[in-house]
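The following exercises concern one protein model and are to be worked with its sequence and coordinates at hand. Each task is followed by a solution in steps.

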Amino acid sequence: MKAIVKNILLSLSVTAVVGFTAKAQNKEAGATEKDFYRIVTLPIPEGIELEVGGLALLPNGDMAASTRRGDVYIIENPYMLNGTTPYFRKFATGMHELLGLAYKDNALYAVQRGELTKLVDKNGDGKADVYETVFAWPLTGNYHEYSYGPVIMPNGNFMVNANVGFDGFEWWRGKSHVPWRAWTMEITPDGKMMPYATGLRSPAGQGLIDGKYFYSENQGDWVGSGHMMQLNKGDFAGHPAGLNWAATPESPVKARTQDIYSRVDPRFNQGKIEDDDPNRPYKTFFEVAKEVPGMKLPAVWLPHSILGTSTSSMIQIPNDDRFGPFAGQVLIGDQGQSRLNRVYLEQVKGEYQGAAFTFREGFESGVLRLAWGNDGSLFVGQTNRGWGSKGQKDFGLERVVWSKRTPFEMKAVKAMPDGFEIEFTKPVNKKAAADPDAYAITGFTYKYHPVYGSNTVREQQHVVNAAIVSEDGTKVRLVIDGLREKYVHEITLDDKIVSADSAAKVLHPVAYYTLNNIPEGAKLNVPKRTPKMAGHDHMNMGKPTTTPAKASAAKTPEGSGLKKNQVTQPASWTSADQTIVIGTKPGLKYDKSELTVKAGSKIKLTFSNNDDMPHNFVVVPDGQAVAVGELGMKLGLQSVKLSHIPNTPKVLFNTTLVGPGGSQTIYFVAPTKPGKYTYVCTVPGHFYIMQGTLTVN
């Protein structure tokens, strides 16, 4: 009898353990970003417009925040200890668009549009009573002449970046009308300015990584996609506007305007500049860089619309365990998509390169500024006025806190002489990870031209000849055919790659590695092979599925026989019943918020883009704008080529992507069903706010 009871108890015990393990596996397998990195929102008192332009940690643990409206607040108890609320104290006011803040030697240093300002509380009353100009630079009054910083260098000097302006003839082309627009300036504490580097376009983010100065760039003219770059004194970062001042005696930059314009046609006096001719010759960034003195390559490209649309601040994760398994790596924000990405950097042959991954989404406004708290949490300052963002609030301040749980991730991707090595945060299931068909590698690059942004070009799929798993299961070495230096490589993991302990899938299964240099060393001798293509779409493993959009060829659901993107007047029409002209205005807006048409009428619509960034015009059923836009975000590397328009019946009529200064005319038959419809720009990040109402009577 005792033996029977013992066996029953043992059986129950085993069942309980198995049940517990299954629950643990299910919990880990279904985990999302928020299970590992929690977002805590700080309540902002009514009446404070905290459009964060800068953040700085103070020695006592308080957080200082500057705003785009010209104020500086000291936030006491920002950690909300014991459930208490933070206290906001106005420290300084009356300044001009503060897009950066730093603390040094009992003073705060803020960057206004036209100067670096030192703020000091001399009498100890908690408010600045000294506003001292450290150094001032010229302004024209152009709306786009933003200034960013400061970053405090190891030598105690301040680094400040200045944005290009957009105005006058060819207003979509970035310009440097006055010194030192499009430059990085190094400023000493006593007010001496030394020009440091140029070639910047919209350098909204900057930071120190291992003591070296990096900045982040935004897609635009001469910039195919957002990226981050390490700058040394005298470097040229690629945008030619700042070369206006390269020949001045104090300039350390050796590149000249003609070095660029003699190699790439700037296309002046041509009206709109678009990438509309597939036969037009082009050069890439790296092809020009190898010929131009001091022209620097990006350390890591951040593919546009995939890893964001408006690159912002970067910050290095401290070398401790308070923020999880990514110590020493870099977090970089994106204002448009309200997100953080993660970057693993390494140096090969003296140059920085590395891999970029998605890290954390879901912030309440556009991510602009980052600062570490003294408890190891990350403060994220946010704003979206005039710029638009996925997070719909006008501004916000939040903290990211590690939950002490380790996600199953690609911790790092490292370049090898014959491929890449992936290091995981946990041991991987060895059998699954050893299958070469579990990995898809696509190489690509961007055009270097005066057009706003670039499609991905020279795409090539690479064969994985072997996947060799380390003995401890934490690393997989991929031996790959035909890797190309200077190209970006999309590395996608199949969802059958899971952790050994809990069968969890990789939380973010896609990495983008910028391979500036292939390292020297021994290559593994493995046989070449042909990948297995049957049974799954090898090129879209681990990605959300959506049919590539060929919106220009798709038919409308109205039975008119017209294409969704019908750009010529149908032969059966003698004329249109109604002609509509619609444009854009600053702040991600159409210049008309409402349009009215008659049901079943013939419409000729011209969309003119008067903005300094690309937009489209897409008509969808009422309430479907965000759903269609989010489908467009899943198009991956094909997104720009497909004008960010997914192939879905929810798209009724559309223009393609129209660049700055461009226009497109389309013809369509208005829906026969009266009611409300929505027109929307489906560019990632834009579609949340750039909408209007089409009323069909």
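Does His686 count as buried or exposed, and at what relative accessibility?

**Conventions.** This is a predicted model, in which local features need pLDDT of at least 70, side-chain atom pairs count only at pLDDT 80 or more, and totals for chains, interfaces and linings use all residues. Residues are numbered from 1 along each chain as its sequence is written, and side-chain values use heavy atoms, with hydrogens and water left out.

**Exercise 1. Characterise the environment of His686.**

Step 1. The relative accessibility of His686 is 8%, so the residue counts as buried; buried means under 20% relative accessible area, exposed over 50%, and partly exposed in between (1.4 Å probe, protein chains only).

Step 2. His686 is found in the loop between β42 (675–680) and β43 (691–696). Strands are DSSP runs (E, at least two residues), numbered from the N terminus.

Step 3. With neighbours within four places in sequence set aside, the contacts of His686 are Leu588, Met613, Pro614, His615 and Cys681, where contact means heavy atoms within 4.5 Å.

Step 4. A separation of 9.4 Å is found between the C-alpha atoms of His686 and Thr309, which are 377 residues apart along the chain.

**Exercise 2. Describe the sheet that contains β7, and the burial of this strand.**

Step 1. The order β6-β7-β8-β9 defines an open sheet of 4 strands with antiparallel pairing. Two strands pair if DSSP finds at least two bridges between them.

Step 2. The edges are β6 (101–104) and β9 (130–136); each has a single partner strand, so one side of each is left without a neighbour in the sheet. From one strand to the next, the twist averages 25°, with axes as lines fitted to C-alpha atoms and angles from 0 to 180 degrees between N-to-C directions.

Step 3. β6 and β7 share 4 antiparallel bridges, and Lys104 has Ala107 in β7 as its bridge partner. Their hairpin has 2 residues between the strands, and Asp105 takes a positive phi near 50° there.

Step 4. A hairpin through 3 residues leads from β7 to β8. Strand β7 (residues 107–111) and strand β8 (residues 115–120) pair over 4 antiparallel bridges, with Tyr109 opposite Lys118 in β8.

Step 5. In β7, 5 of its 5 residues are buried: Ala107, Tyr109 and Val111 on one side, Leu108 and Ala110 on the other.

**Exercise 3. Identify the nonpolar cores.**

Step 1. A nonpolar core is a set of buried Ala, Val, Leu, Ile, Met, Phe, Trp, Tyr and Cys residues joined through side-chain atoms within 4.5 Å. The largest has 67 residues, and Ile187, Met228 and Leu345 have the most contacts inside it.

Step 2. A second, separate core of 31 residues includes Phe357, Val413, Leu493 and Tyr513.

Step 3. Beyond four places in sequence, Leu345 contacts residues including Phe214, Met228, Val300 and Tyr352.

**Exercise 4. Decide where the coordinates call for caution.**

Step 1. The average pLDDT (the predictor's confidence in each residue, from 0 to 100) is 91, and 91% of the residues score at least 70.

Step 2. Over residues 1–26 pLDDT stays under 50, and the model has 2 contacts beyond four places in sequence for them. Residues 534–553 also stay under 50, with 45 such contacts.

Step 3. Where pLDDT is low, predicted coordinates should not be read in detail.
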